[in-house]
Amino acid sequence: MTPQPTSWRKSLVPPLKTGSFRLATFLSLPLALLAALVLSSPGRAQTGIPNVVVSNPSIPIEDNEYDQLGARQTYIDQSGFVWIGGVDPNTGNLVPPSGQVTLVDGTGTALPVPAIGNGSEWLYGGSYGPQLVWTAVNKNGKKVLGRAYKNGSTWVSGFLANSAGRELPIPSKDVNDASPRLLYLGPDAVRGRGTALYWRNLDATTDEQVPGQLNTGGRWIPGQRAMVFTTIDVRSGFRQVATYNVDTKQLTILTNTPCNKDSPWIFQAPEFNNDYTMMVTCQGNPPGPTATYSTMEVYRQTNGVWTLVNNIQVPSTNKYIASPEPWFYKNKSYFSAVVSPNPDNLNGTDPTEIWIATLDPAAPFFQMVSDTTPNVRKDPEVFITTQGPVVYYNAPAVSGQLPAVWKATPVIPGS
């Protein structure tokens, strides 16, 4: 999450009988899972999906990020320390519940989520293997980019050179990439005011402003030296999805439907023959800032052409999709998301739901994985355990108290 109108990361539907939907889900559960409901989160209403707190409720954890390959997670505590903790590969529980095994940076210069809106992020590739990046503050009070890498058995941390005034780094995640990259926010040198997207190779000392108008929501495209983000399209008048290849310097606008786009992702979808696939939220009816709902548009690239193949409306009485993130299980693509009654995805007071869904229009599947007790839930993440996927989210363990890590265990068809 970031302090801008869109989420870095992270819809009104025809009125369905959601009560029947949840009852059907409940009745389809195996007996062992039904029994688990009695043991999970006493006193909390259930949807049929167990929701349990897996972090120490007395230690606030927000926007922690999971390393699937290493079975671990990272977060920044309220003192500005960067931590790595373990994840049990069988249960998905945090080990230990404090989330604190390795102190990666104990200088107190990392900015915690309440101060900046985003935590530490895993970066893959390069000569050091998995690394971490985050927003920090230097001795002059300027925001800078923090970085840590493991040299032998020791984590080494510091600031990236010439990164004053830069913040909210989003790293590339290609494991075998010899030249990993960062994109982040910096001062808009073209407009002379506000912020803009920048990028650099991780070990470079200079950076480049990304072209476009008021770009937001950037992230790297797996397997490419290119990024995807949203930008103002002067032709349509709406915020559309664009890509930028950092080697060819080519900016390409990919969409033109009449709605403002948010939170784009591009990846290779197994059910679409590993073709590059894009998912992006679309604020609509009427399009623009007064939108009354959002949907998830899904595009498939075939022979270089992007085609809209699905427009997903989550079957909830809540109307807006926020913080979507794709994940993969048994050769299918899914996404997890916050579903909110408020179009402001940074709203911190309205109760929200956590849903998962498939992308393929030929195999639609939806499941609300959060329970029905009102809670302010955010930042869903997925980890694939030996038993199947678990969905984490951040929410107070007790209403109005410190943020904790919750775990929900979906019931996936065919598992």
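Arg-147 has plenty of company: leaving out residues up to four places away in sequence, Arg-147 touches Tyr-128, Gln-131, Leu-132, Val-133, Trp-134, Val-156, Ser-157, Gly-158, Leu-160, Leu-202 and Asp-203. Here, contact means heavy atoms within 4.5 Å. Before going on, keep in mind that this is a predicted model, where local features need pLDDT of at least 70, side-chain atom pairs count only at pLDDT 80 or more, and totals for chains, interfaces and linings use all residues. Residues are numbered from 1 along each chain as its sequence is written, and side-chain values use heavy atoms, with hydrogens and water left out.

**Arg-147 and its strand**

You'll find Arg-147 in strand β9, residues 143-151. Strands are DSSP runs of E with at least two residues, helices are runs of H or I with at least four residues, and both are numbered from the N terminus. Is Arg-147 buried or exposed? Its relative accessible area is 13%, so Arg-147 is buried. (Buried means under 20% relative accessible area, exposed over 50%, and partly exposed in between, using a 1.4 Å probe and protein chains only.)

One of its contacts deserves a second look. The side chains of Arg-147 and Gln-131 make a polar contact at 2.9 Å. That term covers a pair of N or O atoms within 3.5 Å; within protein, one must be able to donate a hydrogen and the other to accept it, and residues adjacent in sequence count only if both atoms are side-chain atoms. Along the chain Arg-147 and Gln-131 are 16 residues apart, and their C-alpha atoms are separated by 7.4 Å.

Strand β9 has partners too. Two strands pair if DSSP finds at least two bridges between them. Strand β8 (residues 131-137) runs antiparallel to β9, with 6 bridges joining them, and Thr-135 stands opposite Leu-145 in β9. These strands form a hairpin with 5 residues between them, and Gly-141 in the turn has a positive phi of about 80°. What about β9 and β10? Again 6 bridges join an antiparallel pair, and Lys-150 stands opposite Trp-155 in β10. In this hairpin there are 2 residues between the strands, and Gly-152 takes a positive phi near 70°.

**Ser-163, in a loop**

Just past β10 (154-159) comes a loop that leads to β11 (167-171), and Ser-163 lies in it. Ser-163 has 2% relative accessibility, so it counts as buried. Its side chain reaches the backbone oxygen of Leu-160 at 2.8 Å. Not counting residues up to four places away in sequence, Ser-163 touches Lys-143, Val-144, Leu-145 and Arg-200.

**Rings**

How many aromatic pairs does the structure hold? There are 8 of them. Rings of Phe, Tyr and Trp (its six-membered ring) pair if their centres lie within 6.5 Å; planes under 30 degrees apart count as stacked, over 60 as edge-to-face and the rest as tilted. Two of these pairs are in the table.

| Pair | Distance between centres | Angle between planes | Type |
|---|---|---|---|
| Tyr-66 and Tyr-392 | 4.2 Å | 10° | stacked |
| Tyr-334 and Phe-365 | 6.4 Å | 90° | edge-to-face |

Tyr-66 is in strand β2 (residues 65-67) and Tyr-392 in strand β28 (residues 388-396), so their pair ties together parts that are 326 residues apart in sequence. Tyr-66 counts as buried, at 11% relative accessibility, and so does Tyr-392, at 1%. Tyr-334 and Phe-365 are both buried as well. Along with Trp-327, Tyr-334 and Phe-365 are linked by ring pairs into a cluster.

Charges sit over rings in places, meaning NZ of Lys or CZ of Arg is within 6 Å of the ring centre and within 35 degrees of the ring normal. Arg-166 lies over the face of Tyr-198, at 4.4 Å from the ring centre, while the charged end of Arg-181 sits over the ring of Trp-220, 4.6 Å from its centre.

**Two open sheets**

One open sheet has 4 strands in the order β23-β24-β25-β26, with antiparallel pairing. Its edge strands, β23 (320-329) and β26, each pair on one side only. Inside this sheet, 6 bridges join β24 to β25, and Tyr-334 has Thr-358 in β25 as its bridge partner.

Another open sheet of 4 strands has the order β1-β29-β28-β27, also antiparallel. Here β1 (51-53) and β27 (378-385) are at the edges with a single partner strand each, so one side of each is left without a neighbour in the sheet. Between β28 and strand β29 (residues 403-408) there are 6 bridges, and Tyr-393 stands opposite Trp-406 in β29.
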